[in-house]
Amino acid sequence: MAQLWGGRFTKETEKEVYDFNASISFDKRFLKQDIRGSKAHVTMLAASGILPDDERDKIIEGLESILTDTLSGKLVITDEYEDVHSFVESNLIDRIGDTGKKLHTGRSRNDQVALDMRLYIRDEIDEIKELVASYMKVLHELMKSNLHTYMPGFTHLQKAQPVTFAHHIGAYMEMAKRDYERLIGIRKRMNYCPLGAGALAGTTYPLDRELTARLLEFAGPTLNSMDSVADRDYVIELLSALNTIMMHLSRFSEEIIMWNSNEYGFVELDDAYSTGSSIMPQKKNPDIAELVRGKTGRVYGAYISLITTMKGIPLAYNKDMQEDKEMTFDAIDTVKSCIKLFADMIATMKINEKRMEASASGGFTNATDAADYLVNHGVPFRDAHGIVGRLVLKCIEKGISMGELSLEEYKAESEAFGEDIYEAISIKTCVEKRNTIGAPGPEAMTKVLDINEKYLQTI
């Protein structure tokens, strides 16, 4: 069992205890970050006069060979090592001899793992940002191609007012923009280097922590050694942001699932993103959307688990904090796959424009516009609301839409109605006259598309 400690112990660790304590099964994904951090550390040690240049070069060459051989499969990370740090250091010593033992000078495993986690999370944030950006580009294209695709807007899952598919998709675009900005904020706040904090109280070696931070592309060193090794706020923040991303995808998934149903028929998912039934040959199931919806709870669980783990931990480092990794890795992997598959799914789905517009024409989505018509003809809104409500009731009793009422029936409720009421309550008019910024009208939506176009060019 390769481990970085043991001099003070008089007997071997029990195998069950060793296995329970070990993290090699999951922290091996830190290999690139661990080696990058070690190379920066020895570079700083040499620059600070703590390590001769020739030993620095020997260590860096050994570290690079370990990475190369591991990535090629020539060297395998096995569970004989306690963690990725012991794997790297043990193999370094095997390759370059006692010089390898100097790698850990001025460094604790506490600040080492804190560094690896920050480097890893930073790398993953960059990848997630790219996926969110690609997803936003899909949304943007859907918006551009559906400016005049009319559909009902809903409140309480009941038809409310007509909108366009572009406008509806635009709501998810705004959510995705906030998701992207949250990731930027997290990366900025976490981008400080903990290496040099030691176990919790720094070190007596004259380390140049500013140099280490620069070498690793951090904004600077962390300013409190205890917080440096005990901080997992950035992981919790990321998990919270991932929760929100999944919540947004889950809401959208729920709508896709409904729209794809026979009852709605608003969209049809591509065969490549659907599955069938083992017994019912007619079925075409929206499994990707359902799985995204289902995996949301899994990502929520990671956040709840970590924030619960951290709530009772005194300063500074405690072994409980090792529990931050598996759940975070799983949440990141889950979110990345969900964003990509979901974006591909909606990019390939067919939009049933006629079905959407027919649905918008029913359900009295134009009732508010009928009331606004009366207001524009001098009727107080509260009176107009009651008049149109009675007309809706008459339509329900006759099983017709408001466009099918006769002018006499309109005038029986109010003399303010004229022949132009039919044009005023057409779905096209109802949508296209709404042009305040943020509304579904084409003028307003064109402005939003221009804003989004410029935004996407900056990310």
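**Exercise 1. Find the loop that holds Phe 364, and state the sign of its phi.**

Solution. Phe 364 sits in the loop between helix 13 (353-361) and helix 14 (367-376). Helices (H or I, at least four residues) and strands (E, at least two) are DSSP runs, numbered from the N terminus. The phi of Phe 364 is positive, about 60°, although Phe 364 is not a glycine. Most residues other than glycine have a negative phi, and most peptide bonds are trans.

The model is predicted: local features need pLDDT of at least 70, side-chain atom pairs count only at pLDDT 80 or more, and totals for chains, interfaces and linings use all residues. Numbering runs from 1 along each chain as its sequence is written, and side-chain values use heavy atoms, with hydrogens and water left out.

**Exercise 2. Place Leu 157 and decide: buried or exposed?**

Solution. Start with the location: the loop between strand 1 (150-155) and strand 2 (158-164). Next, the backbone: Leu 157 has a positive phi of about 60° and is not a glycine. Last, apply the cut-offs: buried is under 20% relative accessible area, exposed over 50%, partly exposed in between (1.4 Å probe, protein chains only). Leu 157 counts as exposed because its relative accessibility is 56%.

**Exercise 3. Describe the peptide bond from Leu 315 to Ala 316.**

Solution. This bond is cis, with omega near 5°. Ala 316 belongs to the loop between helix 11 (287-310) and helix 12 (324-348).

**Exercise 4. Describe how helix 4 and helix 5 cross, then fit Leu 75 into the picture.**

Solution. Take the axes of helix 4 (residues 53-72) and helix 5 (residues 84-96): they come within 9 Å and cross at roughly 115°. Axes are lines fitted to C-alpha atoms, for helices over the stretch in contact; angles run from 0 to 180 degrees between N-to-C directions.

Now list contacts, meaning heavy atoms within 4.5 Å. Helix 4 contributes residues including Ile 59, Leu 63 and Ile 66, and helix 5 residues including Phe 87, Leu 92 and Ile 96.

Then turn to the connecting loop, where Leu 75 is found. Leu 75 counts as buried because its relative accessibility is 16%. Neighbours within four places aside, Leu 75 is in contact with Ile 66, Asp 69, Thr 70, Phe 87, Asn 91 and Arg 95. The C-alpha atoms of Leu 75 and Asn 91 are separated by 9.5 Å, at 16 residues apart along the chain.

**Exercise 5. How many disulfides are there?**

Solution. The criterion is a pair of cysteine sulfur atoms within 2.5 Å. The count is zero. Cys 193 is buried at 0% relative accessibility, and Cys 338 is buried at 4%.
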